[in-house]
Amino acid sequence: MSEETVRVALSVAVPAARVFAVLADPTTHSAIDGTGWVQDAVDQAPLTEVGQIFRIDMYHPNHPDGHYRMANKVLVLDAPRAIGWLPGQEKGDDAHLEFGGWTWHYDLVPVGPSETEVTLTYDWSAVPQYIREYIQFPPFGPEHLTNSLQHLAELAASTSQV
């Protein structure tokens, strides 16, 4: 872990294209999540382009509202090698998006025809000071990223058998 990123890696016995397909499907994110905060995908269409917004319902007991919604902007979409997004929230009546500055990024490196090295990076280096005053970064330990990669591996393996 650097000062403003957490990075974990895991080899999974699934081809990179299958892992990427699971990550590009917002309906799988609650099953992948290592924190238990991700609930349901509001926007269920697969991620297909940079700039695409997908919304996810969340729950955190320490959030002022408990239940809340994140609007995520796809920053990287390079099938089957990389995918990443910038979480934010809709603000005001016009649903203007405001982003917090932290990102999620997955790098997928094929190790063979049926194995992939997956690296998950959580980066908060662009979070402004006013947000850092009320959210501690990272808001979870590195074990949550490890849990997430293990969930991803299990889900990708089970869906590749279908």
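**View 1. Strand β5 gives the largest pocket the biggest share of its lining.** Five of the lining residues come from this strand, which covers residues 82-91. Like everything shown here, the pocket belongs to a predicted model. The space inside comes to about 1000 Å³. In all, 40 residues line the pocket, and those closest to its centre are Trp37, Met58, Tyr68, Met70 and Trp102.

**View 2. Here is the same pocket, sorted by the kind of residue in its lining.** Nonpolar residues make up 25 of the lining, polar ones 12, and charged ones just three.

**View 3. Helix α1 comes with a buried face.** The helix takes in residues 16-23, and its buried residues are Ala16, Val19, Phe20, Val22 and Leu23. Look down the axis of α1 and these buried residues fall within an arc of 160°, so they line one face of the helix.

**View 4. Step back, and the whole chain shows four helices and eight strands.** Starting at the N terminus, the elements go β-α-α-β-β-β-β-β-β-β-α-α. The chain has a radius of gyration of 15 Å, close to the 15 Å that the globule rule gives for 162 residues, so it is as compact as a globular protein of that length. Along the principal axes, its C-alpha trace spans about 45 × 35 × 25 Å.

**View 5. This one is about burial and contacts across the chain.** Of the 162 residues, 41% count as buried. Take the contacts with a separation of 6 or more: 49% of them are between residues 24 or more positions apart.

Technical notes: Residues are numbered from 1 along each chain as its sequence is written. This is a predicted model: local features need pLDDT of at least 70, side-chain atom pairs count only at pLDDT 80 or more; totals for chains, interfaces and linings use all residues. Side-chain values use heavy atoms; hydrogens and water are left out. On a 1 Å grid over the protein atoms alone, a cavity is a set of points where a 1.4 Å probe fits but cannot get out, and a pocket is an open set with protein on both sides within 12 Å along at least five of seven lines; lining residues have an atom within 4 Å of a point. Grid points are joined across faces, edges and corners, and a volume is the space filled by probe spheres set on the points. Helices (H or I, at least four residues) and strands (E, at least two) are DSSP runs, numbered from the N terminus. Ala, Val, Leu, Ile, Met, Phe, Trp, Tyr, Cys and Pro count as nonpolar, Asp, Glu, Lys and Arg as charged, and the others, Gly among them, as polar. Buried means under 20% relative accessible area, exposed over 50%, partly exposed in between (1.4 Å probe, protein chains only). The arc is that of the directions from the helix axis to the C-beta atoms. The radius of gyration is taken over C-alpha atoms; the globule rule is 2.2 Å times the number of residues to the power 0.38. Contact means heavy atoms within 4.5 Å.
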